[in-house]
Amino acid sequence: MTDQPIPLKPRKSRAACPICGRPPAPEVKPFCSPRCADIDLGRWLNESYRVPVTEETDEDGETAPGADRD
Ligand SMILES: [Zn+2]
């Protein structure tokens, strides 16, 4: 069975720093320190960087305008 506490899961109404799980500081809520806020921001940017945009247009040659198919 899993009996270990999960730091990333905030308890009921007590939010914890999503980075390290420490009690958040009011100035940088919900993080505990500017550093953690920075880390989170970095993660965010990092994730938007590697967004897998696989928008391959299927050019299967459907009805192309100007196609002489007579
Ligand atoms: Zn933290």
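Which residues make a nonpolar surface patch of about 370 Å²? This tour of a predicted model begins with that selection and then proceeds to the metal site and its surroundings.

**Stop 1: the surface patch**

Select L41, W44 and L45, and display their side chains as a surface. These residues make the nonpolar patch, with an area of about 370 Å². Now restrict the selection to W44, which belongs to helix α1, spanning residues 34-49. W44 counts as exposed because its relative accessible area is 63%, and the cut-off for that class is over 50%.

**Stop 2: another position on the helix**

Remain on helix α1 and select D38. Is D38 buried or exposed? Its relative accessibility is 54%, so D38 is classed as exposed. To relate D38 to another part of the chain, add I19 and draw a distance between the two C-alpha atoms: the separation in space is 9.9 Å, while the two residues stand 19 apart in sequence.

**Stop 3: the zinc ion**

Select the zinc ion next, together with C17, C20, C32 and C36. The SG atoms of these four cysteines coordinate the ion at 2.3 Å. What is the geometry of the site of the zinc ion? The site is tetrahedral, and the angles among its 4 donor atoms run from 99 to 118 degrees. Along the sequence, the donor residues follow the spacing C-x2-C-x11-C-x3-C. Within this set, the pair C17 and C36 links distant parts of the chain: C17 lies in the segment before α1 and C36 in helix α1, with their positions 19 residues apart.

For these two cysteines, switch to a display of accessibility. C17 and C36 are both buried. For C17 the relative accessible area is 0%, so this residue falls in the buried class, for which the limit is under 20%.

An annotation can be placed beside the coordinates here. In an unreviewed entry, UniProt assigns the feature "binding site" to C17, C20, C32 and C36. These positions span 20 residues in sequence, yet no two of their C-alpha atoms are more than 8.1 Å apart, so they gather at one spot.

**Stop 4: the segment before α1**

Move to A16, which is located in the segment before α1. A16 is partly exposed, as its relative accessible area of 25% indicates. Add F31 to the selection: the C-alpha atoms of A16 and F31 are separated by 7.1 Å, although the residues are 15 apart along the chain.

Then select A15, also in the segment before α1. A15 has a relative accessible area of 40% and is therefore partly exposed. Between the C-alpha atoms of A15 and F31, which are 16 residues apart along the chain, the separation is 9.0 Å.

**Stop 5: a peptide bond to inspect**

Finally, select K29 and P30 and show the backbone atoms. What is the configuration of the peptide bond from K29 to P30, cis or trans? This bond is cis, with omega near 0 degrees. As background, most peptide bonds are trans. P30 itself has its place in the segment before α1, where C17 is also found.

Note on methods:
Residues numbered from 1 in each chain as written. Predicted model: local features only at pLDDT ≥ 70, side-chain atom pairs only at ≥ 80, totals over all residues. Heavy atoms only, no water. Patch = residues over 30% accessible without salt bridge, like charges linked within 9 Å, V, L, I, M, F, W, Y side chains within 5 Å. Areas by Shrake-Rupley, 256 points an atom, 1.4 Å probe, with all protein chains shown as cover. Salt bridge = Lys/Arg side-chain N within 4 Å of Asp/Glu carboxyl O. Helix = DSSP H or I, 4+ residues; strand = E, 2+ residues; numbered from the N terminus. Buried < 20%, exposed > 50% of the residue type's maximum accessible area, 1.4 Å probe, protein only. Donors = N, O, S within 2.8 Å, 3.2 Å for Na, K, Ca; no water. Tetrahedral: all angles 85-135°; square planar, octahedral: opposite > 155°, others 65-115°. UniProt positions renumbered as here; feature names shortened; annotations may be inferred.
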